[in-house]
Amino acid sequence: MNKKTKDTIFNVITHLILVGVTVAVLMPVFWIVNASLQDVGNMFSGQNVDFSKMSFGNYAELLAESDFLLWIKNSFIVCGTSTLFCLMCTCIAGYAFSRFRFVGKKQGLMMMIIIQMFPATMAMVALYKLLNVFDVATGGFIGFNLAGLILIYTGANIPFNMWLIKGYIDGSVPKELEESAYMDGATKWQAFVKIVLPIMGPIMAVIAIFTFIGSYNDFLIPSIVLQDSSQYTLAVGLRGFISGKFSMNWTQFAAASVLGSLPILVVFLSLQKFLVEGLTKGAVKG
């Protein structure tokens, strides 16, 4: 068997594997879209493709008879605000750990890594008690509501994202740029805001994607924190379609899932060009 034949066989096998993986990935998407277009609230109605029974009735009922738009609004408030706060905290903290020397720097970095080793479920009791303290101290402003959920997501995303920022600055932002700014009379804060921050655009986009999508898709923490149905996020609100013992509406649940995935798709497509650049540049130095 010559080299050309071997290359041909290798290419065919590679393409078959890629086609198989693509089908496996797209099959659940096809099923959920198909189920959302069926007119029967049955979990298994979307398994058979019947174009004669397809309609957009589930989408119309979803928007007219449920609080879907309110759930989307609450999700955007939580995810957008926590992403913004996380970016502010991680950019400043990552820059400080990258450029400054201070007591406890090494221990602080190690603590950030250790925190990431434990699953979020281990902290649920502590988070619940902490929110109870904040609820009493702030008169209900921060507690078992959207503000408390924002606080949790912001704190939970800081350790890992701070390491991403630090690695990016170490590998992609030369110290000479800041030193030149200092020679021109700039303060440390001015050098950070005007020199370093604009260069950090790609890694900030990566953090925004990870934080927004992770918060948007989370169900466990909001289901415990949010006690008022008017403050439900999308993940918690969707549970109502399938939580009833005799009233499961899988087709409307599928329609809500399709519409709910669109904001994530828009966010990812808008920032995807920064994703590879932001992750690879920070890998030059640790």
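1. Starting with Phe 253: this residue is buried, with a relative accessible area of 18%. The cut-off for buried is under 20%, so Phe 253 falls on the buried side of it. Bear in mind that this is a predicted model.

2. What about its neighbour in the helix, Trp 250? Trp 250 comes out partly exposed, at a relative accessible area of 23%. Both residues sit in helix H12 (residues 250–281), three residues apart, which puts about one helical turn between them.

3. Now the wider picture of the rings: the count comes to 11 aromatic pairs. One of them joins Phe 76 and Tyr 216, an edge-to-face pair at 6.5 Å centre to centre with 80 degrees between the planes. Phe 76 belongs to helix H3 (residues 68–99) and Tyr 216 to helix H9 (residues 201–217), so this contact ties together parts that are 140 residues apart in sequence.

4. How accessible are those two partners? Phe 76 has 36% relative accessibility and counts as partly exposed, whereas Tyr 216, at 5%, counts as buried.

5. Back to helix H12 for the ring geometry. The centres of the Trp 250 and Phe 253 rings are 5.8 Å apart and their planes meet at 75 degrees, so this pair is edge-to-face. The limit for that label is over 60 degrees.

6. One more item to look at in the viewer: which residues do ring pairs link into a cluster? They are Tyr 95, Phe 100, Trp 189 and Phe 192.

Definitions and conventions:
Residues numbered from 1 in each chain as written. Predicted model: local features only at pLDDT ≥ 70, side-chain atom pairs only at ≥ 80, totals over all residues. Heavy atoms only, no water. Phe/Tyr/Trp six-rings, centres within 6.5 Å; stacked < 30°, edge-to-face > 60°. Helix = DSSP H or I, 4+ residues; strand = E, 2+ residues; numbered from the N terminus. Buried < 20%, exposed > 50% of the residue type's maximum accessible area, 1.4 Å probe, protein only.
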